[in-house]
Amino acid sequence: MKGGCDTGFNRVLPERYVPRLLHVKKITKKNITCTEIPLKKCNYTEEDVFILDTGLIVYQINGENCSHDEKFSAARAISKILSNRGKAKREIIDGNPFSNSAVASYFKDGDKKEKAAPVQWSGNKLFRVSDSDGSLDLEPVEGTVSRDLLVSADVFILDSEDACFVWIGSEASVDERKNALSYACNYLNSTEYPCKSISVIAQGKETAEFEGAF
């Protein structure tokens, strides 16, 4: 996954380093994701943990309501990052980080912009993430969106009015599973609602919210 916790561990040259923000989120008891997201204030939530990697300082930002598992996973990821960074160091911030001017300066601040007009919802959209032809692609599923279009062999991204869902088919390939969340993030970043929440759903463990989106 682009920008995930297992990349970017080489020695850092501060003048060339591009700061990045990693979102550490507990999806299920055994599934905690670490995904690179845009450095925007609207992406911060008190429910999760974030890693702000600025090169020489790696900040662990613990949301007020984050879980112990998320803190542990973030700390482990940062340790791996720092292992090859020489003089780079870790700093921990508990709660809202924007009162720290050094940290806040890395985030794009849209708070003072006028509120955009609400996006007119044009209907649910469904996309298939598949490598059945030998290359991993994201393709729109044509026709009326329905639950019957989901097949076990692939991963699907459902963009509904209230949330975005990544549905993992039980027979989906490793690459499809590994890259699905990244595809969903990239897709949302291309829309007028890039901060919409994303939920990962495994086949057979569908939630009422997911079922109600169809």
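Which residue is the bridge partner of isoleucine 51 in strand 4? The points below take up this question first and then turn to the aromatic side chains; the model is a predicted one.

1. Glutamine 60 is the residue of strand 4 that serves as the bridge partner of isoleucine 51. This bridge belongs to the pairing of strand 3 (residues 49–53) with strand 4, which is antiparallel and extends over five bridges. The two strands form a hairpin in which three residues separate them. Within the turn, glycine 55 has a positive phi of about 110°.

2. Strand 4 also pairs with strand 5 (residues 89–94), here in the parallel sense and over six bridges. In this pairing, valine 58 is found opposite arginine 90 of strand 5. Together with helix 1 (residues 68–82), strand 4 and strand 5 make up a β-α-β unit, and this unit is right-handed.

3. Strand 4 spans residues 57–62, and five of its six residues are buried, so the rest of the structure largely encloses this strand.

4. A pair of aromatic rings is described by two quantities, the distance of the centres and the angle of the planes. Seven aromatic pairs are found when the whole structure is searched. One of them joins phenylalanine 165 to phenylalanine 210 in an edge-to-face arrangement, at 5.4 Å centre to centre and with 75° between the planes. Because phenylalanine 165 belongs to strand 9 (residues 164–168) and phenylalanine 210 to helix 4 (residues 208–212), this pair ties together parts that are 45 residues apart in sequence. Both of these phenylalanines, 165 and 210, are buried.

5. Phenylalanine 210 also pairs with phenylalanine 214: the ring centres are 5.3 Å apart and the planes stand at 85°, so this pair is edge-to-face. How do the two residues compare in exposure, buried or partly exposed? Phenylalanine 210 has a relative accessible area of 1% and is therefore buried, the cut-off being under 20%. Phenylalanine 214, at 31% relative accessibility, counts as partly exposed.

6. A cluster linked by ring pairs comprises Tyr44, Phe50, Phe98 and Phe107. Phenylalanine 98 has a further contact, with a charged group: the charged end of lysine 41 sits over its ring, 4.9 Å from the ring centre.

7. Another lysine placed over an aromatic ring is lysine 125, which lies over the face of tryptophan 121 at 4.7 Å from the ring centre.

Technical notes:
Residues numbered from 1 in each chain as written. Predicted model: local features only at pLDDT ≥ 70, side-chain atom pairs only at ≥ 80, totals over all residues. Heavy atoms only, no water. Phe/Tyr/Trp six-rings, centres within 6.5 Å; stacked < 30°, edge-to-face > 60°. Helix = DSSP H or I, 4+ residues; strand = E, 2+ residues; numbered from the N terminus. Buried < 20%, exposed > 50% of the residue type's maximum accessible area, 1.4 Å probe, protein only. Lys NZ or Arg CZ within 6 Å of the ring centre and 35° of its normal. Pairing = 2+ DSSP bridges. Right-handed = clockwise from strand over helix to strand, strands pointing away.
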